[in-house]
Amino acid sequence: MSYSTSQLLTLEEFLKLPETKPTNEYINGEIIPKPMPKGKHSRLQLRLCNSINEVAESQKIAYAFPELRCSFGIRSIVPDVAVFNWSRIPFDADGEVPNDFLLWPDWTIKILSPEQSSNRVIGNILYCLQHGCGLGWLIDPTDRSILVFRLGQQPELLQGEDFLPVLPEIQLALTVNQVFGWLKMGG
C-alpha cells in the first residue's frame, strides 16, 4: 500500500516528517509503508548484521546497520541491512555515528516479506546501484534463494551451496544454505 498526497512532497519535506511505525520509505514522490518484520525476517537480519560486524567492525573495515534510513538522490529508503565501508561512515565531530545518513550504502540487503512487491524492492536495490552502491542482495525466505546484484552485471540467482559475494574488503564466506540454516533454532 502506498500513500500519495494531492501535492507531492519533496525529499526534504519528507525527511522533516516524524518517523512512523511501520517505517515509511519515500520513492518517486510517494510515501510507502514498509511491512513490519516478522520472525524469519528478524532472525536473518540480526544474524547478517552480527556476522558482517564480527569480521569487519574491529578492524574498521565496514559496519552493517539494521533498518537504517538512507536518503540520497530523490529517495529515502530503509534497507533491512545497510553496509557501509568504514571510510564512508559520516561520523560527527565527536566520532559518533550521526542520526542522518544522506548517502547510499556500499551493500544493500533486503529480505523479502510476503506482502512486499518484489519489483519495488528490486527497484530500490537498482536505485542504490545507480548511485554508487557496489552490491545488493534480495533474500527470499519462501524459496530459499538470494538474488545478487552487482554494479554493471546481470543479476545472479544463488541457491543451496552457492557462495555469496560480499564486499571485497570483508573476509566472510557464506553459502545460501548457511544463511537459511540460521532460521533453525528449535530442537
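**Loops, a cis proline and a pocket**

Student: Where does Asn28 sit?
Tutor: Asn28 is in the loop that links β1 and β2 (30-33). Keep in mind that this is a predicted model.

Student: And what's with the phi of Asn28?
Tutor: Phi is positive there, about 50°, although Asn28 is not a glycine.

Student: Is Asn28 buried, exposed or something in between, and why?
Tutor: Asn28 counts as partly exposed because its relative accessibility is 48%, and that class runs from 20% to 50%.

Student: Which residue in the loop between β8 (135-140) and β9 (145-150) should I look at?
Tutor: Try Arg144, which lies in that loop. Arg144 is not a glycine either, yet its phi is positive, near 55°. With a relative accessible area of 35%, Arg144 is partly exposed.

Student: Switching to the peptide bonds: what is the one from Lys21 to Pro22 like?
Tutor: That bond is cis, with omega near 0°. Pro22 itself belongs to the loop between α1 (11-16) and β1 (24-27).

Student: OK, pockets. What volume does the largest pocket have?
Tutor: About 340 Å³.

Student: Which residues lie nearest its centre?
Tutor: Phe14, Leu15, Leu17, Glu19 and Arg69, out of 18 lining residues.

Student: How does that lining divide by residue type?
Tutor: Nine are nonpolar, five polar and four charged.

Student: Last one: where is Ser42?
Tutor: Ser42 is in helix α2 (residues 39-56), and it is partly exposed at 33% relative accessible area. Its C-alpha is 9.8 Å from that of Pro66, with the two positions 24 residues apart along the chain numbering.

Definitions and conventions: Residues are numbered from 1 along each chain as its sequence is written. This is a predicted model: local features need pLDDT of at least 70, side-chain atom pairs count only at pLDDT 80 or more; totals for chains, interfaces and linings use all residues. Side-chain values use heavy atoms; hydrogens and water are left out. On a 1 Å grid over the protein atoms alone, a cavity is a set of points where a 1.4 Å probe fits but cannot get out, and a pocket is an open set with protein on both sides within 12 Å along at least five of seven lines; lining residues have an atom within 4 Å of a point. Grid points are joined across faces, edges and corners, and a volume is the space filled by probe spheres set on the points. Ala, Val, Leu, Ile, Met, Phe, Trp, Tyr, Cys and Pro count as nonpolar, Asp, Glu, Lys and Arg as charged, and the others, Gly among them, as polar. Helices (H or I, at least four residues) and strands (E, at least two) are DSSP runs, numbered from the N terminus. Buried means under 20% relative accessible area, exposed over 50%, partly exposed in between (1.4 Å probe, protein chains only).
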